[in-house]
Amino acid sequence: MEKFPFGALSDGREVTAYRYRNASGSEFVVLDYGVTLQSLLVPGRDGKLVDVILGYDTAKEYEENGGFFGACIGRVCNRIGKSSFTLDGVKYDLVPSEGKNQLHGGTQGFDRRFFDVAEVENGLRFTRLSPDGEEGFPGNVNVAITVTLSDDNVLTFAYEAKTDKATAVSLTNHAYYNLAGEGDMLDHELKICASNFTPVDAESIPTGEIAPVAGTPLDFTAGKIVGTDIGADMEQMKLVGGFDHNFVLDDKAEWKKAAELWCPRTGIAMTVETTAPAMQFYSGNFITAKVGKLGAPLAPRYGLCLETQIHPDAVNQPGFPSAFLPAGGRYESRTSYTFTVR
């Protein structure tokens with residue numbers, strides 16, 4: 001384990017980076033700011049390490065640029081319609097961060113908070129107290145996010161939360177993956193283990209419907225090249241500029257496969273497994289053109305997100321799995337990304 005300074009935010013607070021290298025030579029760097037996955041190096045078919053995560057070289061860039069690059073998201077990931085929900089007869093008004101709606105926990109979500117750090121076997125454990133009222137959410141919530149990398153190149157995020165008051169919790173990681181390490185990812189082959197998705201309205205808020213992907217460009221059940229249908233003439237895709245949809249996973253077991261991703265250029269394959277009921281596939285449609293790590297260009301569709309989660313706006317959709325946590329309750333969720341070569 002290596003610890004090193006990563007620069008300061010605009011208010012002078014210093015960000016610290018932590019590098020962990022496994023016995024196989026793969027490594028990750030995570031920041032104490034937002035539990036942000038800044039880099040992840042895994043071998044390609046030629047044995048050379050490839051950084052498969054988009055990001056930046058300085059703390060200031062993470063602070064100033066949008067997109068949630070590599071950050072862990074909370075208290076509730078994805079969107080909450082009209083920035084409000086009612087729980088136990090009480091209406092809670094949240095801080096809006098995307099028009100009238102809340103996206104990824106508000107204007108100062110977990111992606112913009114500092115976490116305490118402790119070393120654990122194969123990685124790090126990040127903790128913080130999210131106080132009652134933070135971004136409008138009720139309850140004092142103790143959060144722990146453990147990030148590990150096994151010697152056989154399995155990256156795992158284990159999320160935990162405990163609350164003293166009924167509240168809502170749904171955590172994920174917002175890394176943008178590019179298994180080539182450069183350029184766009186439109187040649188990546190993606191399989192999603194989901195026969196259904198949750199359609200959205202013009203503000204990307206779920207309508208409450210659960211619809212089949214069969215016969216639509218959203219059908220990744222057999223696997224296909226990401227770029228094949230990304231410009232398809234489908235209203236759901238035109239609303240979000242490509243793919244940015246919540247897929248309802250078919251397997252209802254506690255631990256199941258969510259997706260497989262493969263890059264023909266490097267041979268790197270990534271398998272996503274999770275305890276979550278759903279996964280957001282976002283094809284990086286609105287990445288702003290700028291310079292990323294080591295001077296590499298960033299642009300739309302240079303990376304994609306596979307965000308395991310409870311369905312978006314679940315706090316307002318009685319037909320979705322619940323994102324509510326009772327007083328004294330414990331939230332637990334886990335997702336792993338296994339890297340191999342083929």
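**Close-up 1. Phenylalanine 69 and its partner ring, tyrosine 56.** Phenylalanine 69 is buried in this predicted model. Its relative accessible area is 6%. Tyrosine 56 is buried too, at 1% relative accessibility. The rings of tyrosine 56 and phenylalanine 69 form an aromatic pair. Their centres lie 5.4 Å apart. The planes meet at 55°, and the pair is tilted. The two residues are 13 apart and link distant parts of the chain. Tyrosine 56 belongs to the loop between strand E5 (49-51) and helix H1 (59-64). Phenylalanine 69 belongs to the loop between H1 and strand E6 (72-73).

**Close-up 2. One aromatic cluster.** Tyr56 and Phe69 appear again here, in a cluster with Phe6, Tyr62, Tyr176 and Tyr282.

**Close-up 3. Tyrosine 33 and phenylalanine 114.** The model has 17 aromatic pairs. In this one, the ring centres of tyrosine 33 and phenylalanine 114 are 5.4 Å apart. The planes are at 50°, so the pair is tilted. It joins distant parts of the chain, 81 residues apart. Tyrosine 33 sits in the loop between strand E3 (27-31) and strand E4 (37-43). Phenylalanine 114 sits in the loop between strand E10 (102-103) and strand E11 (116-120). Tyrosine 33 is buried, with a relative accessible area of 4%. Phenylalanine 114 is partly exposed, at 22%.

**Close-up 4. Charges over rings.** Lysine 224 places its charged end over the ring of phenylalanine 220. The distance to the ring centre is 4.6 Å. Arginine 334 has its charged end over the ring of tryptophan 255. Here the distance to the ring centre is 4.1 Å.

Technical notes
Residues are numbered from 1 along each chain as its sequence is written. This is a predicted model: local features need pLDDT of at least 70, side-chain atom pairs count only at pLDDT 80 or more; totals for chains, interfaces and linings use all residues. Side-chain values use heavy atoms; hydrogens and water are left out. Rings of Phe, Tyr and Trp (its six-membered ring) pair if their centres lie within 6.5 Å; planes under 30 degrees apart count as stacked, over 60 as edge-to-face and the rest as tilted. Helices (H or I, at least four residues) and strands (E, at least two) are DSSP runs, numbered from the N terminus. Buried means under 20% relative accessible area, exposed over 50%, partly exposed in between (1.4 Å probe, protein chains only). A charge sits over a ring if NZ of Lys or CZ of Arg is within 6 Å of the ring centre and within 35 degrees of the ring normal.
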